[in-house]
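Got the viewer open and a selection box ready? Let's walk through this one stop by stop.

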Amino acid sequence: MKIYDTMSRSKREFIPLEEGKVKIYVCGPTVYNLIHIGNARPMLVFDTVRRYFIYKGYDVCFVSNFTDVDDKIIQAAIAEGVDADVISTRYIEECKKDMAAMNVLPADVHPLATKEIDGMIDMITELIQKGHAYVAKDGTVYFRTDSFAEYGKLSHKNMDELQSGLRELKVSGEADKESPSDFVLWKPKKDGEPYWDSVWCKGRPGWHIECSVMSKKYLGEQIDIHGGGEDLVFPHHENEIAQSECCSGKSFANYWMHNAFLNIDNKKMSKSAGDFFTVRDIAGKYDLQVLRFFMLSAHYRSPINFSAELMEAAKNGLERILTGVSKLKDGMQATQLAALLEEEKAYMQEAKALHLKFEAAMEDDFNTADAISAIFELVKLANTTGGLRASKEYMTYMYKLLVDLTDILGIITKKEEEKPDARIEALIAERTQAKKDKDFGKADAIRERLKEMGIVLEDTREGVKWKRI
RNA sequence: GGCGACAUAGCCAAGUGGUAAGGCGUGGGUCUGCAACACCCUGAUGCGUCAGUUCAAAUCUGACUGUCGCCUCCA
């Protein structure tokens, strides 16, 4: 399996730290509002990465935090006149609902920054002791970037150039910093803000320290994969490396994975531009499986553009897969042929080749777009070779294969059994009778009526089928 | 200014040296009372432009054009 590593800027063969195990840490959202569709991309990407590792038989430990103390949360709390934890608790719950609706597996651990303050104080203390951090007059603790010779190795930044670029910041504030690139580990509280006691001052942690601490606590000093959006490369992940490696003296993460952005009108989504969608907005119009399928239809390192047209295309494409799997399921239950037919052996070979294509795509830095193409080809194969004249063994094989592969992508194809609805069944029976009587006007009227109820009918050889839209 | 990414049919999108996957959409057809589903057919003599390397380039090299991102909170 090859993974593109931001640090080395190349695809590298994946070798776990410990045989058969994978430790993954993904930076989670700051919970000051409902998550937006941009937040959803890393969630879906890394959930799929995780699912593939599980499929491969790895013992995966997946940790993703919620940042629940932050300026934006405090602002939202002030605006609503409530405590910050009211805001963060609320949006963590909402975020979990969205994740569940996108079929994102809950992390093995979802640590909260506010519950890990002791660990942060310990790490900051250690950094100060080792000369990697210092306390300013007002009690702010800064990381001393000059003390870490490798600072900039992830983002490939030249520190001298960075210095000149940051000159303006130096003038505008934080005058106590030794160097403009030094960053905050601990800062004093302001009135009305949540705070914790420390030997430096009453205050709260900087943003970067939490991930170093939580990663260390739940996964150890060294992890296999650290992931997040590409905007986190600098400074967030660069700073995490500085903090963690200065403490442990060991390499922090072996592979740095970063997803590209989800854009609107080919530009980064921004509130000010007015083009801003929450996952909840999309859920009002589509099953979030569609959003998931849409996101995975492009490679995770490519920017992806969001639009209504593309969502429609994704919806239709996903529908084709779902319909195909559904036909297989019906077929394998209805067919009278048990044993595999001679020609089906060849079809199964084709299916196996497509299974290998799927795996090869995923092995190559999680090329989900290519993997999906293998699924479409499997659906086509099933549609052309399945049906009442195919054997139960063949269709069961195809069904299981498609369910397994789509499950790796987190796409649910096993449709839940609809509860029998007497009213709908009665209308369908009435329409069937009308059709028998050649009263097509009445039959169509009933079909139209059901459509208004959100029920779409399909006349098949095995009888009338219906589904909700 | 520094660093980086991308440019493939109407749209989306794989392919990174051997002669263009897949999907959506369009048009035609088969099936069907009609519709839907499904199936068949339909699509780039060409992969931003111009040079170069090579027996061979969408794929490598250079230049150019265009788009976007990071360098500040940001998924």
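Start by selecting isoleucine 223 and alanine 253: the alanine, in strand E10, is the bridge partner of the isoleucine. Strands here are DSSP runs of E, at least two residues, helices are runs of H or I, at least four residues, and both are numbered from the N terminus. Widen the selection to E9 (residues 223-229), which pairs with E10 in the parallel sense over six bridges; strands count as paired if DSSP finds at least two bridges between them.

A word on ground rules: this is a predicted model, where local features need pLDDT of at least 70 and side-chain atom pairs count only at pLDDT 80 or more, while totals for chains, interfaces and linings use all residues. Residues are numbered from 1 along each chain as its sequence is written, chains are lettered from A and ligands numbered from 1 in the order written, and side-chain values use heavy atoms, with hydrogens and water left out.

Now show the whole open sheet: four strands, ordered E4-E3-E9-E10, with parallel pairing. Its edges are E4 (59-64) and E10 (253-259), each pairing on one side only.

Next, add helix H1 (residues 37-55), which packs on the sheet and touches E3 (21-26), E4, E9 and E10; contact means heavy atoms within 4.5 Å. H1's direction makes about 135° with that of E10, using axes fitted to C-alpha atoms (for helices, over the stretch in contact) and N-to-C angles from 0 to 180 degrees.

Last stop: E14 (residues 455-460) and E15 (residues 463-468), antiparallel strands joined by six bridges. They form a hairpin with two residues between them, and leucine 457 stands opposite tryptophan 466 in E15.
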